[in-house]
Amino acid sequence: MAAGPAPLGGHPRAQKPHLSKMERVVVSMQDPDQGVKMQSQRLLITVIPHAVTGNDVVEWLIQKYCIAEDEALHLGTLLVQHGYLYPLRDPRRLLLQPDETPYRFQTPYFWMSTLWPAAELDYAIYLAKKNIRKQGALVDHEKAHYDQLHRKINHTWDLVVMQAREQLRAAKQRRKGDRLVIACQEQTYWLVNRPPPGVPSVLEQGPERGSCTARQVQMTKTVDFYKREIECCRKALGRTRVKSSVCLEAYLKFSSQRGPHDPLLSGCLPSNPWVTDDDTYWAMNAPSVAVPTKLRVEQWAFSFRELLEDPVGRAHFMDFLQTEFSAENLSFWEACEELRHGGQAQVPALVDAVYQQFLAPGAARWVNIDSRTMERTLEGLGRPHRHVLDDAQLHIYMLMKKDSYPRFLKSDLYKDLLAEAVVPLETKRRVFPFMWKPRHSSPSLALLPTSTSGEPEAAAGSPGGGDGET
Amino acid sequence: MAKEECKALLDALNKATACYHHLVLTIGGSADSQNLREELQKTRQKAQELAVAIRARLTPPLRDRGLGAEERAEFERLWVAFSGCLELLEADMRRALALGTEFPLHAPRRPLVRTGVEGGASGVAARALSARSLRHEGERDFDVEDLHQLEREILKVGEMIQDMEMKVNVPRWTVQARQTAGAELLSSASAGVSSVGGVSVQQRMGPCDLSKALAATIFSAVLLAAVALAVCVAKLS
């Protein structure tokens, strides 16, 4: 294939695990003693061996893996859809039929592989060959692809035509049976890799997970190879690992804590704006609003970061600190944030201002930083850059988090805020007389499997109700 | 003329690459055998020789600043086709290495995939080498040795491609291909004209298809018998 794994820089792709597993299944089917039974296919005068019936495949899968017939059928269909087996009579219908329909195995070169994705140049050559063989009568989508490729890789079109002609001539040197088989193989490969419109592509993968890297095949193990292996193992040893029990506990805690706050899982009050076209929800949860909602105030208790990230929360925290006469901490922290995220041109001036206001001995709003951090910061002030106050900022942050934040949560100020916080009312839905359950304005997705009978009515009810409301 | 020579060599390389591709298709399948691995080796070595020769011919004109615009465009076209061909060859060689390692012939850890392709491909290899037929002379552990050598050759070809990119600066996208869409439908007579110069015999003389010859002899025998019978009937009556 034209574009192999990119070895010059960039990670080589790894073979997807499900494809490796399918390859192993196919190879174990080839065992002369315990593999699938093979027959010969008889076309007018040529006899081509190595045909299997769908029935044999299913039976072999049932016997080898001790699974039920449905599962064997599904597994067999997966094999056909990924191109490891192809039907002989109707090559475009890629599914496994558990009867006497004959199939044949695909050659390893054409096995689907993420290491060797199908390249545009190869597809162009294939289409050119097909064009020659069929005297220009290509299927619609193939014609469209052909024109598109001609525009895209116009500069190599000479090569495409030359290769197409030569490959056809090379194929003529084989016996007729072999020629037919190879043509079928190539056709199947391109049916799988460039499916006709309307057929779902098995190639679609989710977002790339770059964690598994594969190396190229190495026959001679040189010194470099072993050096790389040692480096790899050393890095693997040094990685921090967290026990899955700890991870899962943290995950459960997070989910249970945040569950009621999530608008998708627990619905949003007063109503989901996307469903009812009523944007009260957004207005009530705007970044700076006079009276925050109760859920929002509760969220401030989850972590210090939540409190600081919410402008309303930060403002109330500042009020609290003023009652405690330690507001300069938060002001210093905000000034450092401004330095970090501000413009490059203002950096020296800002650093100077911060120093004068917060760090100089005898400053108006002096912050309490330990001596070592103060020394380091003062040294760095000679050459100011935007991260010069990072250590000091972190120190103050931890101070606030450990000291002021717990007091804030226990304070009367916070309790008053909780009491004053607004809980919006759910918009009343008109209850139709023949429905015996009032609809929640934003049906919770988590309830979908259990209330399947209620779902279609909910879907029908809410747009209808929404139109009635507005 | 240098251009005609280059064109002829490029056609030969193209042929060798196409044949190599065709042979690599069957690795790991039921047609895989020691003979196939030998044929692969011979084909790719021939292809590499041709590549080195073409490169030697094409590099000087392209590095010559004083070349006319049309000449230069022609050489650039050849260069783009050549580098494309070489990349195809390299990719196929890598694939051959991967497949050859996965499906070793001796000490078989895995049985070969029964693909239904049987019968030799010596005709294909002979076509690539522009020879009449091919002799097979490998020893027993040929495929293991061959894989080591293949690895070395892949590195060499990779280096050659790198070197080519460094030495000659041809922006691919500016090259206008001569063939239009659907050019391959024009009869292969036009292709034959361009490749006839300098390249040796393309067709094999003997009948490729034995069954056709058999059918022809049977038919002629039946025809003769029918004629003889008709003559006898005419004589008797």
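Which residues of chain B does the UniProt annotation "transmembrane region" cover?

1. The annotation, taken from an unreviewed UniProt entry, covers residues 213-234 of chain B. The model discussed here is a predicted one. In this model, residues 213-234 of chain B are 100% helix and 0% strand. The C-alpha atoms at the two ends of this segment are 32 Å apart.

2. A second record concerns chain B: the unreviewed UniProt entry also carries the annotation "coiled-coil region", which covers residues 30-57 of chain B. Over residues 30-57 of chain B, the model is 86% helix and 0% strand. The end C-alpha atoms of that segment are 41 Å apart.

3. The contact between the two chains merits attention. In the model, 61 residues of chain A are in contact with 70 residues of chain B. About 5800 Å² is buried between chain B and chain A, and carbon and sulfur atoms give 59% of that area. On the side of chain B, the residues that lose the most area to chain A are Arg95(B), Arg114(B) and Glu184(B), which together account for 15% of what that side buries.

4. Polar and charged pairings across the interface can be listed as follows. The rule finds 2 salt bridges between chain B and chain A. Arg127(B) forms a salt bridge with Glu166(A), and the closest N and O atoms of this pair are 3.1 Å apart. In addition, 13 residue pairs across the interface are in polar contact, with both residues at pLDDT 80 or more.

5. Which elements of chain B give two or more residues to the side that touches chain A? They are α1 (2-24), α3 (69-102), α4 (122-128), α5 (142-167) and α6 (189-196) of chain B. The largest share, 16 residues, comes from α3(B). By residue class, the side of chain B that touches chain A comprises 31 nonpolar, 22 polar and 17 charged residues.

6. Within chain A, Val58(A) may be examined as a single position. Val58(A) belongs to helix α2 of chain A, which spans residues 54-65. Is Val58(A) buried or exposed? Val58(A) is buried, because its relative accessible area is 3%, and buried means under 20%.

7. The surroundings of Val58(A) can also be described. Leaving aside residues up to four places away in sequence, Val58(A) touches Glu69(A), Ala72(A), Leu73(A), Leu96(A) and Pro98(A). Val58(A) and Leu73(A) are 15 residues apart in sequence, and their C-alpha atoms are 6.0 Å apart in space.

How values were computed: Residues numbered from 1 in each chain as written. Chains lettered and ligands numbered in written order. Predicted model: local features only at pLDDT ≥ 70, side-chain atom pairs only at ≥ 80, totals over all residues. Heavy atoms only, no water. UniProt positions renumbered as here; feature names shortened; annotations may be inferred. Helix = DSSP H or I, 4+ residues; strand = E, 2+ residues; numbered from the N terminus. Buried < 20%, exposed > 50% of the residue type's maximum accessible area, 1.4 Å probe, protein only. Contact = heavy atoms within 4.5 Å. Buried area = accessible area lost by both parts, 1.4 Å probe. Salt bridge = Lys/Arg side-chain N within 4 Å of Asp/Glu carboxyl O. Polar contact = N/O pair within 3.5 Å; in protein donor to acceptor, adjacent residues only side chain to side chain. Nonpolar A, V, L, I, M, F, W, Y, C, P; charged D, E, K, R; others polar.
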